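Here's a set of short exercises, each followed by a worked solution. Have your viewer ready and try each task before reading on.

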Amino acid sequence: MKKVLLISILALSLTSCGSRKEAADDQAKETLAPQASAGKQVFDKWCAYCHGKGERFPGTVSLAVKYGEDLPAALEEREDLTPETVSLFVRQGVYSMPPFRKTEITDEELAALGAYLSHTENLADDAEGVVPPELQ
Amino acid sequence: MRTPPGISEVEFSTALQAFANVVGKEWVFTSDEDLHTYRDAYSPLRNEPDERVASAAVAPRSVEEVQEIVRIANRFSIPLYAISTGRNLGYGGSAPNYSGSVVVDLKRMNRVIEVNDSNHYAIVEPGVSYFDLYNYCREKKLKVWLDVPDPGWGSLVGNALDHGVGHTASRFRNHFDAHCGMEVVLPSGELLRTGMGAMPKSQTWAQYKLGLGPVVDGLFSQSNMGIVTKMGFWLMPEPEAFLQGKVMVRRYDDLHDLVEVLKYVENMAIAPGAPEMASPLLGAGGDTKTLVDIFLNGPPQLDRNHSELIAAAELGYSRKLEQYGLDNNIPYWSFHVSFYGPRKVVEAQWEAVQDIMTERVSDAIFQAHDVVTDRDEAVRKAEVYAQNMGVPNLEFFALGTRGGGLPPTRGHLFFSPVIPQSAEGILEANRVFNKAVNDIPLLQQVPMFNLRPFSLPTAFYERCFLLVLGFPVLDDPAINKATVAAFRELIRIGAEHGWGEYRTSPIFQDQVMQTYSFNDNALLRFHETIKDALDPNGILSPGRYGIWPQNLRGTKP
């Protein structure tokens with residue numbers, strides 16, 4: 001006799017499908033919203049796939065192990081990053097993260113990214129950050 | 001100043017100025033800082049004298065600029081090396097085969113020429129990544145699904161040309177076979193279109209693959225006969241439903257029946273999705289989602305008795321281990337399979353697979369997710385691998401991060417020979433490579449994953465298996481050197497048994513091409529004849545997949 005074990009993992013009601021689809025569309029709109037800063041747009045296009053907030057982003061997961069409770073794992077939540085630090089990682093790469101070329105992220109876009117991740121997009125300060133040991 | 005071999009600084013400077021006149025000086029890169037970004041980020045030869053590095057890079061924006069760059073290269077005898085997005089990591093990345101080449105970086109050529117969701121195809125330039133095309137289709141609400149590989153940052157064109165594979169239905173997974181029509185800048189600078197693209201006013205470039213006469217598209221894959229500047233790809237119509245099931249059997253010898261069913265249901269087009277094999281009892285293999293979960297979170301902890309039984313098994317078998325599995329309801333073998341289409345159809349296909357399997361193994365076990373009709377929700381819940389539904393991400397690159405509980409690595413290499421699609425093929429490959437590791441000290445010196453306790457092959461390509469063994473690239477040059485030597489030894493052993501690499505990194509391409517040696521390397525000699533005819537000055541990607549131009553054939557690295 002055939003033994004069938006059916007595991008219901010993704011049970012979806014039609015009602016919930018509709019509302020979730022709308023939520024997804026809203027999320028997409030938010031991502032593409034014109035008010036997103038230039039730096040945020042660069043982050044979403046190039047960085048978020050590894051460094052987004054959540055449990056399935058390789059960079060975030062790795063930094064969570066590295067820093068534990070000392071620092072946030074998601075880059076957007078860090079308070080210690082400077083444009084220089086961001087630039088160093090992007091252009092040098094680190095471990096299995098490859099460097100990014102100017103045909104991918106231009107110098108102008110990199111500056112915007114650095115400002116976004118250092119929370120200085122509207123500031124002209126030159127706050128210093130910490131260059132992690134593996135890049136020193 | 002780095003220069004290509006045999007080219008003086010004065011000549012090279014003149015050529016670089018000519019390139020700059022074409023693309024603008026900001027798109028010609030010569031500084032060490034810029035050239036660092038064109039190194040192979042995963043090279044096991046990093047910082048070694050034989051690391052393959054570029055002398056410069058030039059980034060055109062249009063086909064006309066590519067043509068002009070090729071003409072300049074001919075005038076000054078400058079070797080070029082074309083990349084699409086340069087993200088072929090583990091297979092050379094953006095670094096050339098021939099050190100000193102000028103990389104032609106096509107990333108700026110990132111236009112989606114057309115997506116047609118009535119005829120279900122796309123035509124794109126080389127700089128378009130899977131992310132780019134996915135987002136384009138989402139934004140325009142086009143009713144097509146892509147077939148995407150593990151990393152979404154790769155180029156559709158580049159991945160297809162290097163014989164990359166994806167995760168959805170078999171007619172789309174083989175990315176080169178799923179292409180339809182290409183545009184190519186030949187080494188002379190002349191522009192060629194294949195298939196129906198060769199006919200002016202044709203509206204079927206991405207609809208009919210063959211055109212008329214010899215089909216030459218293959219000459220431009222894993223090769224150096226031209227720079228592909230556009231490609232068409234067939235896409236899957238957005239299906240109403242997606243269903244993933246898992247077929248499991250309980251005994252070691254059931255492997256034979258399992259593989260026979262795997263083949264039958266795929267080749268009969270009953271089960272079109274990638275059949276991904278695993279051994280729950282051995283804790284080996286698995287669908288890609290399971291592997292990624294391990295990369296992210298580390299391996300599941302097994303009962304101690306279970307672990308000891310696995311360690312004591314030979315070729316994945318012991319009577320006690322099998323009994324342990326039977327007693328604890330842990331299947332010996334399994335494969336995942338996926339279905340795409342109307343709900344009624346996918347449910348019927350899944351039922352048919354169960355019937356066919358049960359006919360051969362009466363106590364087979366089956367599991368299935370509920371039918372997915374909301375892909376966004378399924379991706380968000382992360383209970384199905386997003387790539388199985390054509391959604392790109394970078395989760396696979398958790399491999400080598402700290403997430404799995406090991407120190408981070410500098411990259412990875414994959415040894416991936418094609419083996420026969422049969423249970424005996426799997427067992428024989430395991431026998432041979434295990435014996436090699438037992439007998440050859442070199443193979444004991446390097447970290448290697450997916451060989452022990454048992455190696456299950458991937459079935460992303462139809463009709464065959466790829467037995468994939470992985471090697472981390474580490475900070476220790478001595479271990480990396482040993483890894484390269486071990487890799488070469490595995491290539492040799494594989495070839496002795498008729499198992500050839502389907503794809504490999506530039507540092508191994510000469511050796512691998514030499515293993516395809518029937519009739520005194522007639523195939524390579526044929527490639528070389530074509531190469532000499534198309535590229536008499538030997539300017540285009542010298543050495544790519546072991547094909548060297550006449551002027552470098554005796555001096556290749």
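**Exercise 1. Find the acidic partner of R553(B) in its salt bridge, and say what the pair ties together.**

Step 1: the criterion. A salt bridge here is a side-chain nitrogen of Lys or Arg within 4 Å of a carboxyl oxygen of Asp or Glu.

Step 2: the partner. R553(B) pairs with E528(B), and their closest N and O atoms are 3.7 Å apart.

Step 3: the location. E528(B) sits in helix α17 of chain B while R553(B) is in the segment after α17, so the bridge ties together parts 25 residues apart in sequence. Helices (H or I, at least four residues) and strands (E, at least two) are DSSP runs, numbered from the N terminus.

Step 4: the burial. E528(B) is buried, at a relative accessible area of 12%, whereas R553(B) counts as partly exposed at 23%. The cut-offs are under 20% for buried and over 50% for exposed, with partly exposed in between (1.4 Å probe, protein chains only).

Before moving on, some ground rules. This is a predicted model, where local features need pLDDT of at least 70 and side-chain atom pairs count only at pLDDT 80 or more, while totals for chains, interfaces and linings use all residues; side-chain values use heavy atoms, leaving out hydrogens and water. Residues are numbered from 1 along each chain as its sequence is written, with chains lettered from A and ligands numbered from 1 in the order in which they are written.

**Exercise 2. Describe helix α17 of chain B: its span, its kink and its packing.**

Step 1: the span. α17(B) covers residues 518–534, which is 17 residues, and reaches 24 Å from its first C-alpha to its last. That's close to the 24 Å expected at 1.5 Å a residue, where the expected span is 1.5 Å times one less than the number of residues.

Step 2: the kink. There's one of about 35° centred on R525(B); the bend at a residue is the angle between axes fitted to the seven residues ending there and the seven starting there.

Step 3: the packing. Buried residues of α17(B) include L524(B), H527(B), E528(B) and I530(B). The helix's buried residues pack against α16 (506–515) of chain B.

**Exercise 3. Work out which parts of the sequence are linked by two further salt bridges, K40(A) with E76(A) and D363(B) with R250(B).**

Step 1: chain A. K40(A) and E76(A) have their closest N and O atoms 3.1 Å apart. K40(A) lies in helix α2 (residues 38–51) and E76(A) in the loop between α3 (58–67) and α4 (83–92), so the pair ties together parts 36 residues apart in sequence. K40(A) is partly exposed at 24%, and E76(A) is buried at 15%.

Step 2: chain B. For D363(B) and R250(B) the closest N and O atoms are 3.5 Å apart. This pair links the loop between α11 (343–360) and β16 (365–368), home of D363(B), to the loop between β12 (241–249) and α7 (254–267), home of R250(B), 113 residues apart. D363(B) is buried at 18%, and R250(B) is buried at 14%.

Step 3: the total. Searching the whole structure gives 40 salt bridges over all chains.

**Exercise 4. Look up the neighbours of T288(B) and P239(B).**

Step 1: T288(B). This residue belongs to helix α8 (residues 288–297) of chain B and is buried, with a relative accessible area of 3%. Leaving out residues up to four places away in sequence, T288(B) touches D150(B), H167(B), E276(B), Y385(B), F396(B) and F460(B); contact means heavy atoms within 4.5 Å.

Step 2: P239(B). Look in the loop between β11 (236–237) and β12 of chain B. P239(B) counts as buried at 12% and, with the same sequence exclusion, touches W145(B), Y340(B) and G341(B). Its C-alpha is 8.9 Å from that of R343(B), and the two residues are 104 apart in sequence.

**Exercise 5. Summarise chain A.**

Step 1: the elements. Chain A has 5 helices and 1 strand, in the order β-α-α-α-α-α along the sequence.

Step 2: the burial. Of its 136 residues, 44% are buried.
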